[in-house]
Amino acid sequence: MTSHQSTQTMKPATAAKKLGVYLEATPADFQEGVVSRAELNELQANPPQWLQDLRRNGPHPRPVVAAKLGVSIAGLARAGVTEPLTTEQIEALKQEAPEWLERERTTQAEVRKEAARIKKKNAERQA
């Protein structure tokens, strides 16, 4: 009895999420196919030009936009930012520094501070 190793594949949406890119901005052949684990590893290790351009210029998916702005995904939603943004649009928002962005950054900082406090408290309890 021999074991047969099957190739692990994923949908393009999953691969795009793992690569940190907006699926609709990827090439058609990427969107229409399936991506194997080996192909994903190769894309991460040696990104082709289209992937480099997407990562550099966007449009970026919400998690990337939120991280670049220093806010949560929920904060983007509260501000009405639902569309993917390009790097240029993100930089423009940072320069404008609208009131909602400052408020959401403050909220995000407080959430992180509280999470760190709880983590420290739990670590002390276990020690």
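A salt bridge is counted here when a side-chain nitrogen of Lys or Arg lies within 4 Å of a carboxyl oxygen of Asp or Glu. The structure is a predicted model, in which local features need pLDDT of at least 70 and side-chain atom pairs count only at pLDDT 80 or more, while totals for chains, interfaces and linings use all residues. Residues are numbered from 1 along each chain as its sequence is written, and side-chain values use heavy atoms, with hydrogens and water left out.

**View 1. Aspartate 53 and arginine 56 form a salt bridge in helix α4**.
The closest N and O atoms of aspartate 53 and arginine 56 are 3.1 Å apart. The two residues stand three places apart in helix α4, so about one helical turn separates them; helices (H or I, at least four residues) are DSSP runs numbered from the N terminus, as strands (E, at least two) would be. Aspartate 53 is partly exposed at a relative accessible area of 28%, and arginine 56 is partly exposed as well, at 44%, where buried means under 20% relative accessible area, exposed over 50%, and partly exposed in between (1.4 Å probe, protein chains only). By the salt-bridge rule, the count comes to six.

**View 2. Arginine 78 meets glutamate 104 in a salt bridge between two helices**.
The N-to-O distance in this pair is 2.7 Å. Because arginine 78 lies in helix α6 (residues 73–78) and glutamate 104 in helix α8 (residues 99–126), the pair ties together parts that are 26 residues apart in sequence. Arginine 78 counts as exposed, with 53% relative accessibility, whereas glutamate 104 is buried, with a relative accessible area of 5%.

**View 3. Arginine 105 and glutamate 102 form a salt bridge in helix α8**.
Here the closest N and O atoms are 4.0 Å apart. The residues are three places apart in helix α8, so about one helical turn lies between them. Arginine 105 is partly exposed at 28% relative accessibility, and glutamate 102 is also partly exposed, with a relative accessible area of 37%.

**View 4. Histidine 60 is buried in a loop**.
The loop that holds histidine 60 runs between α4 (49–57) and α5 (62–69), and the relative accessible area of this residue is 1%. A polar atom of the histidine 60 side chain lies 3.5 Å from the backbone nitrogen of glycine 58. If neighbours within four places in sequence are left aside, the residues in contact with histidine 60 include Tyr22, Leu54, Val65, Pro84 and Ile90, contact meaning heavy atoms within 4.5 Å.

**View 5. Domain 1 and domain 2 meet at an interface**.
The chain is divided into domain 1 (8–57) and domain 2 (58–126), with bounds that come from an automatic or database domain assignment. Taken over C-alpha atoms, the centres of the two domains are 24 Å apart, and the contact takes nine residues from domain 1 and eight residues from domain 2. The domains bury about 600 Å² between them, 56% of it on carbon and sulfur atoms; buried area is the accessible area (1.4 Å probe) that two parts lose on being put together, summed over both. Across this interface the rule finds zero salt bridges, but three residue pairs are in polar contact, both residues at pLDDT 80 or more. A polar contact is a pair of N or O atoms within 3.5 Å; within protein, one must be able to donate a hydrogen and the other to accept it, and residues adjacent in sequence count only if both atoms are side-chain atoms.
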